[in-house]
Amino acid sequence: MRFTPHTPEDRAAMLAALGLGSVDELFAVIPEPLRARSWDLPPGMSEPEVSQYLAKLAGLNAQNLVCFLGGGFYDHHIPAAVDALISRGEFYTAYTPYQAEMSQGILQSIFEYQSAICRLTGLDAANASLYDGGTALYEAAMMAVRKTKRKKLIVCTSVSPIYRIMLKSYTINLHLELVEADVSDPAALEGLLDQDTAGLILQNPDFFGVLHDYAPHFEAVHALKGLGILGCNPIALAVAKTPAEMDADIAVGEGQPLGLPLSFGGPYLGFMAVREALLRTMPGRIVGRTHDGQGRTGYCLTLQTREQHIRREKATSNICSNEALCALAAVIFLGLMGKQGLVELAELNMTQAAYARERLTAIDGVEPVDQGPWFNEFRVRLPIDARVAVSRMIDKGIAAGFPLGRYYPDQSNNLLVAVTEKRSKEEIGYLAEGLEAVL
Amino acid sequence: MKTIFEMSRPGRRAASLPCSRVDERFCQMSRLPPELRRSEPAELPELAEIDLVRHYTLLSRMNFGVDVGTYPLGSCTMKYNPKFTEVAARLPGFAGLHPLLPQLRRGGLLAQGALRVIYELEQLLKQITGMDAFTMQPLAGAHGELTGIMLMAAYHHDKGNQKSLVLVPDSAHGTNPASAAIAGYQVVTVPSKNGVMDPTAFKEMLSDQVAGVMMTNPNTVGLFNPYIAEIAEAAHQADALMYYDGANLNAIMGYAKPADLGFDIVHLNLHKTFGTPHGGGGPGAGPVGVVERLRDYLPISRVDMRGDGTLFLDYDHPKSIGYVAPFYGNFGVCLRAFAYILALGGEGLKEVSQDAVLAANYLRVKLGPKWRVAFDRPCMHEVVFSAEDKAAQHGVSALDVAKALIDEGFHPPTIYFPLVVKEALMLEPTETEAMENLDALVAAMGRIADKAAADPEALHAAPVTTPVGRLDEVSAARHPVLQEPLEA
């Protein structure tokens, strides 16, 4: 398959304009000893052939499992209008809106997205997106380090273990002290929080789905002049106490629940919102509203002196391409849900999860863990290794949940079950009946 | 245009949610106690679906993508994005796949198709670049750069080397020094000579403190550095690693491989060279390849093959730098790139580079009469001009030229980059622009050159055909309005 329009005549005409005989002459600058010795790639395929091959590969993935997997990434319904709109070539084949006058479409959309994130989190300013919730968390941690000029970060063990591994990976060469501890109870902060604490990182709902009020925690870190960072679930924010209400300084999170398919790990969407005081150290693109010479309202990238294309090694971050199309999907999703709809969506998730929790804990040998309240995810303790139980449930066509032993070695019998609005009463029934049978 | 917040009407609704059908008492459990509940609902708009669809459709009509017209944005490789890849990415077997599935016991068997995409893409990228192993985890080019520098650090740490510096040429893309700095290194800039990084200056700046050097070849002015072999040799003698910024790979496929040029670490931009869409600013993907001696440091998990041919996630690499992404990378982007490479095949990819370099040189020669090329010799896939003479003689800057080109129906080239050229205009046509488009671009640039001399004021007023004219960016930065204000 070829996408270049050039015919042999076109190429000949271009070569003639250059006074060259063959295109190989254009590569003469590459010294002979450095030339590729081999170019062993398979021959190209036609559109039907490659499409068929890819469909075959797609068919090798389990497609019909009833999904109770979560862990920060959820099987929500994506309204059809989202994909219809982000499939418009004017949006998705564009690049970063450097030339604002011809890019008002994406710029205004991103402004709307930033506005929506601010309203969800209650904070003062949001950026145009970061790669995902984990890199967003890392960027927030680095903001705290830069702002306070301190070296210690305290991360609760109920923050996503995946994100904690990422944070460790990114900071290993930076001479920082990363302290992981269970600080769900603010009393546990005593002895950990000190004058060297740059930031305290918490998550709500936490990785186990439990909802918290972290206002006391952030009050404690502020008393010592450190920053409060809260990882959030954007749908839970429809009903849960906001980062602003808890007095967090930075809110970050994974925007996948906002109209993005699971897509085996990406592309996803890191969102970030900050208090006014942190605006100029926030990484990522930011869109601002302004006007043109005729007084017409317009939008442009702004505060660019933070960014790599201006500040280079002094930039607040190295980010260039981000997740613009995913942010567009998210704002369209939020618009489709709307003020009332998002609340109903959040409550429906919680309702289905509550039903599932009762059905599961009614099974002999299955115990509740945590006291709740929960958002749309919860732990149960099984009488056997959760990995074995889940494996048996796969044979029944159900992905029953995530065995926590994978990331919490002392929890090998614990299963993390996520229940979204897509899980019907029947499906939850199958989960409970199936689990009872395999235990 | 009004924003969705300004359009909001109380009571309008688009949301469509299923009925719970569980007992009412479970609904009660979704009502949170006050200390856990937000005090007021988020002020999201209330609109009908038709309102939103019209709104974003109209906004899209105020946007310019490759699907609309010629987009010669240098360094970004704005080539055509094949539609069949969009179909593939949306197949439920891919789009609906939860990333935690293969982490379950026997879970790899549930995602063999997806693991095959990652594994086979790795093999193809190894062939294309000559590297020995790849990770698909980095989620963008700059993210790949950061990952590459982290790999550099892991290598040196493992060897007990104390290295604090990274060298970059003065023509480097901003993400290079930014990534090195973020990874904890001090950045030192090496001057160019005759358009390419000066090998003599480079050798003088090499010390045992240098962890590595970040380069791209051809570089950001579109020139191939013919001294690359001696640069690599000097670097390796100082135990400094050679990092290849793959942004310009569109120029050399089939002709040269970064491994053969002496590079140890490579990142690729799938959204550039491999035709995945730019999305208005992402999502992209920046897979990183390494030579054998760096393999152990690659992020985990890696996709490996068992004796029976099945694929699995391998976490057993104790020297790995860990996770740079939550899972396996931007899978949807990797899948599109995989599809693109399969469609083109070896011959097709080589032809891509041939046509890309041919088109850029065609522009160089055709624009030459009225525009001052920065380096008067054959370029590779992109060509840099300078508007410095027009700025000096007529007060017409690179910015004015860009805005005038918008009125002519083109997306402008990259302006004011690379920094080594004053009033830079960097054009990268790519291989997917037909000759009549290239000729039209040349003609438009010709008209602008003429106008610069005859009527520079007209160019200062450009663009005039767009929904808004030049925006007050100073005010936007001084008095930032970054969200729709909440109603009082």
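Visitor: How do I read a helix pair in this model, say α13(B) and α14(B): how close do their axes come, and at what angle do they cross?

Guide: Start with the two axes. Those of helix α13 (residues 398–407) of chain B and helix α14 (residues 435–454) of chain B come within 10 Å and cross at roughly 125°. Keep in mind as we go that this is a predicted model.

Visitor: Are α13(B) and α14(B) parallel or oblique to each other?

Guide: Oblique, because the angle of roughly 125° falls outside the ranges for parallel, antiparallel and perpendicular. As for handedness, α13(B) passes α14(B) in a right-handed crossing.

Visitor: Which residues make that contact?

Guide: On the α13(B) side, look for Val401(B), Ala404(B) and Leu405(B). Facing them from α14(B) are Leu441(B), Ala444(B), Met445(B) and Ile448(B). Sorted by class, the contact of α13(B) with α14(B) has seven nonpolar residues, no polar and no charged.

Visitor: α14(B) also meets α11(B). At what angle do the axes of α11(B) and α14(B) cross?

Guide: At roughly 30°, with the axes coming within 10 Å. Angles under 35 degrees count as roughly parallel, so that is how α11(B) and α14(B) are described. Their crossing is right-handed.

Visitor: And which residues of α11(B) and α14(B) touch?

Guide: From α11(B) come Ala359(B), Tyr362(B), Leu363(B), Lys366(B) and Leu367(B). α14(B) supplies Met435(B), Leu438(B), Asp439(B), Leu441(B), Val442(B) and Met445(B). The contact of α11(B) with α14(B) counts nine nonpolar residues, no polar and two charged. Notice Leu441(B) and Met445(B), which you already met in the contact with α13(B).

Visitor: Now a pair across two chains. How do α1 of chain A and α11 of chain B cross?

Guide: The axes of helix α1 (residues 8–18) of chain A and helix α11 (residues 331–367) of chain B come within 9 Å, crossing at roughly 45°. That makes α1(A) oblique to α11(B). Here α1(A) passes α11(B) in a left-handed crossing.

Visitor: Which residues of α1(A) take part, and how do the contact residues divide by class?

Guide: α1(A) brings Arg11(A), Met14(A), Leu15(A), Ala17(A) and Leu18(A). Among the α11(B) residues they meet are Glu351(B), Asp355(B), Leu358(B), Ala359(B) and Tyr362(B). The contact of α1(A) with α11(B) divides into eight nonpolar, one polar and five charged residues.

Visitor: What about the interface as a whole: how is its size given?

Guide: Often as the accessible area lost when the parts come together. Between chain B and chain A, the buried area is about 16,800 Å², and carbon and sulfur atoms give 63% of it. In chain B, Arg38(B), Tyr255(B) and Leu482(B) lose the most area to chain A, together 5% of what that side buries. By residues, 209 of chain B are in contact with 186 of chain A.

Visitor: How many salt bridges are there between chain B and chain A?

Guide: Twelve. One to look up is Arg2(A) with Glu351(B), where the closest N and O atoms are 2.9 Å apart. Glu351(B) is also part of the α1(A) contact with α11(B).

Visitor: Where are the cis peptide bonds at Pro267(A) and Ser301(B)?

Guide: For the backbone, read omega. The cis bond joining Gly266(A) and Pro267(A) has omega of about 10°, and Pro267(A) is in the loop between β7 (250–254) and β8 (270–274) of chain A. From Ile300(B) to Ser301(B) the bond is cis too, with omega near 5°. Ser301(B) sits in the loop between β9 (288–290) and β10 (302–305) of chain B.

Conventions. Residues are numbered from 1 along each chain as its sequence is written. Chains are lettered from A and ligands numbered from 1 in the order in which they are written. This is a predicted model: local features need pLDDT of at least 70, side-chain atom pairs count only at pLDDT 80 or more; totals for chains, interfaces and linings use all residues. Side-chain values use heavy atoms; hydrogens and water are left out. Axes are lines fitted to C-alpha atoms, for helices over the stretch in contact, and angles run from 0 to 180 degrees between N-to-C directions. Helices (H or I, at least four residues) and strands (E, at least two) are DSSP runs, numbered from the N terminus. Angles under 35 degrees count as roughly parallel, over 145 as roughly antiparallel, 65 to 115 as roughly perpendicular and the rest as oblique. A crossing is left-handed if the near helix is turned anticlockwise from the far one by less than a right angle, and right-handed if clockwise. Contact means heavy atoms within 4.5 Å. Ala, Val, Leu, Ile, Met, Phe, Trp, Tyr, Cys and Pro count as nonpolar, Asp, Glu, Lys and Arg as charged, and the others, Gly among them, as polar. Buried area is the accessible area (1.4 Å probe) that two parts lose on being put together, summed over both. A salt bridge is a side-chain nitrogen of Lys or Arg within 4 Å of a carboxyl oxygen of Asp or Glu.
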